[in-house]
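Please take a moment to look over the sequence and the structure that follow. The paragraphs after them move from single residues to a whole chain.

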Amino acid sequence: MTAVKHRVDRLDRVAEPDPPARRRRRRRQDWSAYAYVLPPFALYVIVILAPVGYGAWISLFDWDGVSAGKWVGLHNYAQAFHDPAVRQALIHSVVLVFFYSLVPIAIGLVLTGIIARHPLKGVGVWRTILFLPQVLSVVVVGVSWRWILSQDGPFNQLLRAVGLGRWTKVWLGDFTWALPTEGAVGTWMLSGLCMVLFLAGAQSIDTELYDAANVDGAGVIREFFTVTVPGLRNVIVVALTLTFAVSLNNFSLIWVTTQGGPGTQTQVASTLIYSRAFIVSAVGDASALAILLGILMMAVAYGFTRLSDRA
Amino acid sequence: MRMQQREAGPASWRRRRRSAVTIAIAATTALALAACSPGSDGKSSSTTPADGPVSTGINSAKKVSITVTDGWGSTGSGATFGQVVKNFETKYPNVTVNRQTTDYNSYQQTVNLKLNSPNPPDVMMLETSGYGQGFYGAVSANKVQPLDSYAKAYGWADRVGSDASLNVFRMDPSQHYLWGSGTLYGVPEQNAIIGVFYNKSLLKKAGFASPPTTFAQFESTLAGAKAHGVTAIEESSTFIHTEMALWGAFANSADQVNKWVYGASGTFADPANLKAAQTMRDWNAKGYFETGAVGTSDNDAAAAFLGGKAMYYIEGSWMAGGVEGSLKADGGWFAFPSVSASSPVGGGPTTPLVIPAGSKHKDVAAKFLDFFLSQEQTDYLFKNGWGLPGAQITPSLASAGTPTADIVNALSKAEGQGGGGTIPFLDWANPQYSTQLAGELQKLAAGKQTAAAFTKTIQDEWVTFHDKRKAA
């Protein structure tokens, strides 16, 4: 434990800011460096910042996408805070955080603990299989799962085969089970990603630490919690940030499988934004929601970054 | 996998962030100045496009090119439409048609951009009529050319049966764009009515030799199917066509329903609709729908019916080709039996083709619409699996005894003398319904809300929309 802490401290020192004097001296050179950055930065402004700015501008209007917009100031934002549909979508996102973030990270860590320390035969094959969902197109994943979980799909056939016939249902069409099912598909998709991130991170853990832990009498489980998990702390933060973003941002999977139904049981922020912008043509309203979602995601990402700073 | 934070100190962080904010503000301001308010291109949007004098002639000496855009794609019916475009070019060699097509879902996302473009297409498909997706928005924003003069000059009313058939493409600018009367803005791409496709063998298995003709008989076939272990009705998660069939069956007159759909008067929360909604709920409780319908997509439901897994499939007439192809002689069709004597039939002319107000070749575009509606092209479309084209086909084309022939008969009966008339699709009555209806119907069918709660939700949304429309 102390060795890990020590190592992190050392790295932090390397990353200390330059003393002010040196920085001032270097400033003149910086301008030529900016010239190199300019083309990609211009591109960034055109394809990212400008649309975001325009989106923020639209969010101040009552606009149907066709006729001239009517200025409403912050009304769209005020309404978003009172909109029960928005609240419901956010609650669904919180449920999905459990399935998309916490469970995959736990699974990824356990798999890493096993694979990294006790190389199995054909580890490459297992790794590929577990990572496969991440490589597949989300639409393919969605269509496949919708079929697997349908009334006569393989999952229900399996339930019937083992005598659990009365548990069969159309999982994505059940008012109670649709959201957890949607979450479970996300767990399946994201566990492989977490595992690959953690495996890469585990390679930079000094094996001496494991030796030290063994000498201190640590078993497999002790080793996992005192060496592997702390050693992966920064990678865990990366995984948290990525999977959190998916929980808040996940559109394709939900759209392909349920389109927010049954009723509004799987409606999340991104599907709500899409249907308001492109189906109902409440473009100002949808833009305000999108901006709020963006701010929320940046806040979460910033929080995680600070968390990893402190590590 | 270490994050690259902390390479510079807090002071420089703050400075960098400040400059980013400055740039963002500058970019936003620049855009704001350039764009003013979204949607106002400073041109034509505030003035109603003028209708007519029009010319039906074409100057064959002058080369001209027009753009036609649609969401039918390039296969199936998209290819059929592509052939109509080619036929037009063959007939008028001086005209070049630049056809732009994408699949239906992507098309939806580009309609507004196309309408707002300084160079809009000359002929455009819009998704729905009425207040549904697109039509009301485009018309009330003055982006669509009035077609009354063209319709009169070309005689389009005769091609679609009667002038009243075009009412679903009319809106009245003097009444805050009230739908159903006033100025004509589009012509129909297709005719479609809601009815019941049935599997003859399964109906026999349920204990009935011929299809039901009254509502009571219809319900007893459902019970018969249930008793004999046959899935009575194949249903998808949208439930909309069954709701529309019931809505029509319980309604007393097309006129009353149309007034409500058009936004003029009436209420959805009336006893007839309450009964219709209650029937939907009861049918689900009695197990008449395919188990798990709430989680079944349209495509899966259609595939199940075409695969011979259910007795009935309540759907639009566009399924006729599929049913004839898959179920062959086993496939049949009948009009949904009405409860009252003069019940209307759900459906009628759908999917408007319009000429954007900004088109620079309106006369040629109208020529194209006329060509599309001509007897020759209509028959061509029908023979190539288009379904029922917007204009009338040569009646002898539908071979007797097929679902298509029955549909053609039912449609001409509904729209002719003594028929109950047609009523537009329910989801055209309000822009919200396209997303809201499926969810509300799922809650209704699954017993999660009462029939009264359902009709009230639909009616409340109607009031909200029309209050806003009248205030605009």
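Leaving aside its neighbours within four places in sequence, which residues is Ser93(A) in contact with? Before turning to that, it should be said that this is a predicted model. Once the neighbours within four places in sequence are set aside, Ser93(A) is in contact with Ser247(A), Leu248(A), Val268(A) and Ala269(A). Ser93(A) itself belongs to helix H4 of chain A, which covers residues 84–117. Because its relative accessibility is 1%, and buried means under 20% relative accessible area, Ser93(A) counts as buried.

From here we can pass to chain B and to a residue in a strand. Asn199(B) is part of strand E7, a stretch of chain B that takes in residues 187–199. Is Asn199(B) buried or exposed? With a relative accessible area of 3%, Asn199(B) is buried, and, not counting residues up to four places away in sequence, Asn199(B) touches Phe305(B), Gly308(B), Ala310(B), Met311(B), Leu327(B) and Asp330(B).

The view can now be widened to chain B as a whole, in which there are 18 helices and 13 strands, strand E7 with Asn199(B) being one of the strands. Chain B has 472 residues, and 53% of them count as buried, Asn199(B) being one that is buried. Among the contacts in chain B with a separation of 6 or more, 76% are accounted for by residues 24 or more positions apart. As for the outside of chain B, its accessible surface comes to about 19400 Å², and 53% of that surface belongs to carbon and sulfur atoms.

Conventions: Residues are numbered from 1 along each chain as its sequence is written. Chains are lettered from A and ligands numbered from 1 in the order in which they are written. This is a predicted model: local features need pLDDT of at least 70, side-chain atom pairs count only at pLDDT 80 or more; totals for chains, interfaces and linings use all residues. Side-chain values use heavy atoms; hydrogens and water are left out. Helices (H or I, at least four residues) and strands (E, at least two) are DSSP runs, numbered from the N terminus. Buried means under 20% relative accessible area, exposed over 50%, partly exposed in between (1.4 Å probe, protein chains only). Contact means heavy atoms within 4.5 Å. Accessible areas come from the Shrake-Rupley method with a 1.4 Å probe; for residues, only the protein chains shown count as cover.
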